[in-house]
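Visitor: Could you take me through this model, beginning with the place where the chains meet?

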Amino acid sequence: MDNQTILGKLDPEVLDRMATRRDALRGAGSLGLGLALASVPLGLAALAKSAFAQGIPAAVVSVLNFALVLEELEAEFYVRGVAAAGLIPATDRTIFTTIRDHEVAHVQFLRDALGGQAVAKPTFDFTAGGAFSPFTDYAQFRALAQAFEDTGVRAYKGQAPDLLVAPAILRAALTIHSVEARHASEVRRLNGNFQSMEPQQGWITLNDRGVVPAAAQAVYDGEENVTQAGINVATLPGAAGTLSAEAASEAFDEPLTRAQVLAIVDPFVVEPLS
Amino acid sequence: MSEIIRPGTGELSPLSRIGEPTGRRGFLKWTGVGAAALFVAGCEDGTDVRTITEVTPPDTIEVAPPPPTFAAVTLDFSNNFGILNYAYALEQLEAAFYTMVVADAAFGTTFDEPTRRVLTDLRDHEIAHREFFERAIPALGGTLIPELTPNFDGVDFANRESVLTTARTFEDLGVAAYNGAGPLLSNDDTGRTLLTVAGKIVSVEARHAAAIRDILAPRSMAFAPAAFDDALPPSQVLSAAAPFIRNRVTATNVMNIG
């Protein structure tokens with residue numbers, strides 16, 4: 001796996017250069033806009049168009065392209081998983097078709113917002129070089145789904161402050177962020193057979209990865225933090241006595257930096273043939 | 001007026017203290033009664049606390065002490081502390097709700113074991129959020145709004161459907177509230193820090209919402225009803241929350257971000 005390939009291009013400066021080049025090559029048009037808006041709410045669709053029309057600040061473009069790559073990864077993962085014959089049992093299909101549809105809608109929204117500045121869709125390898133077989137092994141599919149969703153939540157959270165400069169775009173990103181958290185909760189609970197037993201509850205206990213493979217421990221590292229804005233939440237009063245470290249960690253999700261997220265998804269991204 | 005009224009029923013306890021032993025900060029419980037004990041209009045730090053005058057119904061004078069009034073609260077959204085107090089108000093509501101849910105005598109029979117675990121976790125998470133804001137706001141230099149008084153008259157705590165649908169309302173509302181308020185924070189270092197904290201909380205509220213929704217409608221698409229969650233302006237959130245809070249809570253100076 002080459003770290004300097006597609007993920008290297010998510011460096012803001014490289015992204016900006018790519019966008020500029022594509023603008024020059026293709027013009028600023030956004031083909032397929034009408035198609036893409038089917039499942040995006042009207043207000044957001046208008047935002048996507050107006051954000052593009054008004055010119056998005058470069059730092060915001062960079063964040064949105066970062067989000068776009070993650071959404072492309074998730075969307076393709078679920079499109080292929082739902083399409084894989086015999087993979088998902090009938091009882092669980094609604095869960096994954098719902099998530100698939102949402103991720104596809106997120107991709108559409110981000111592409112519309114970015115217009116000609118959107119990065120190309122990467123080529124994904126969900127076997128991570130042969131380590132996994134998620135489209136023939138349902139347990140692996142569910143485990144990777146959990147890892148991707150929990151990572152997505154952390155990724156949006158880490159980028160949100162850079163969107164304060166563009167409040168309407170921040171608001172849109174937050175409405176995606178919380179949906180990723182809903183997905184994460186559902187997949188986590190599915191992986192725990194809906195028994196709500198640690199560590200497979202809807203929320204993350206300490207840095208416990210649960211069913212997620214050890215190779216992806218980085219998805220959960222740092223989630224054990226209990227100090228928020230200088231306040232140790234595990235010392236505060238609970239219903240009886242002091243809040244436990246488990247509860248204090250569960251009550252707050254933690255952000256990841258862009259570099260941390262890229263390191264997590266790197267094994268699943270390959271350089272596109274071009 | 002100004003009779004001393006003793007805390008009597010849980011219903012009249014302040015929102016964030018339901019289920020706690022009496023005594024801790026109990027003096028605060030009744031400072032809003034009658035006279036203008038809390039009159040801090042137009043504070044620089046974004047809180048604007050006023051009492052409201054409420055006339056005692058004449059036909060109750062003989063049989064009961066006058067009903068307490070509840071300090072009205074105005075949240076100034078032009079100020080980060082107004083936004084933090086908005087979150088604090090909602091977390092007070094949620095924490096009080098789940099504390100009553102878990103403390104109910106019928107809790108063990110109303111819900112199955114997995115659901116009890118979920119509701120108990122939610123109680124602890126919401127308490128963590130409330131206690132965090134209760135310390136963070138003063139630590140950052142702001143002034144806390146008073147403890148609010150809940151109104152759960154419409155909730156049957158011994159009824160599974162009643163509790164779970166109310167929980168769904170609160171969790172979805174919390175998500176929409178944080179999503180709507182985050183972009184109102186200041187675009188500076190303080191705002192960035194606060195947005196990160198708010199982001200840490202809102203995704204947990206969304207995890208809660210999905211879990212409650214899944215319990216109500218297992219393995220359906222209910223856990224995430226749309227690809228994009230709501231982001232509601234404070235006025236809409238406070239209107240939706242109003243039936244559950246005895247205090248009148250309003251928002252002012254809310255930036256229109258289009």
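Visitor: How many residues does each of chain A and chain B bring to the contact?

Guide: This is a predicted model, and the counts for the interface draw on every residue, whatever its confidence. On that basis the contact takes 52 residues from chain B and, from chain A, 59.

Visitor: Which helix supplies the largest share of the side of chain A that touches chain B?

Guide: Four helices of chain A, namely α5 (90–114), α6 (138–159), α7 (167–191) and α8 (245–250), each give at least two residues to this side. By class, the side has 31 nonpolar, 18 polar and ten charged residues. The largest share, 17 residues, comes from α7(A).

Visitor: Which helix gives the largest share of the largest nonpolar core?

Guide: This core has 148 residues, and those with the most contacts inside it are Leu64(A), Ala67(A), Leu68(A), Leu163(A), Ala173(A) and Ala87(B). Leaving aside neighbours within four places in sequence, Ala87(B) is in contact with Phe133(B), Tyr178(B) and Ala198(B). The largest share of the core, 16 residues, is supplied by residues 80–103 of chain B, that is, by helix α1.

Visitor: Where in chain A is the pLDDT below 50, with 32 contacts beyond near neighbours in sequence?

Guide: The mean pLDDT of chain A is 86, and 80% of its residues reach 70 or more. Residues 1–5 of chain A have a pLDDT below 50, and this stretch has seven contacts beyond near neighbours in sequence. Where pLDDT is low, the predicted coordinates should not be read in detail. The stretch with 32 such contacts, where the pLDDT is also below 50, is residues 11–38 of chain A.

How values were computed
Residues numbered from 1 in each chain as written. Chains lettered and ligands numbered in written order. Predicted model: local features only at pLDDT ≥ 70, side-chain atom pairs only at ≥ 80, totals over all residues. pLDDT = per-residue confidence, 0-100. Contact = placed C-beta atoms within 7 Å. Nonpolar A, V, L, I, M, F, W, Y, C, P; charged D, E, K, R; others polar. Core = buried A, V, L, I, M, F, W, Y, C linked by C-beta atoms within 7 Å. Buried ≥ 20, exposed ≤ 12 C-beta atoms within 10 Å, placed from the backbone.
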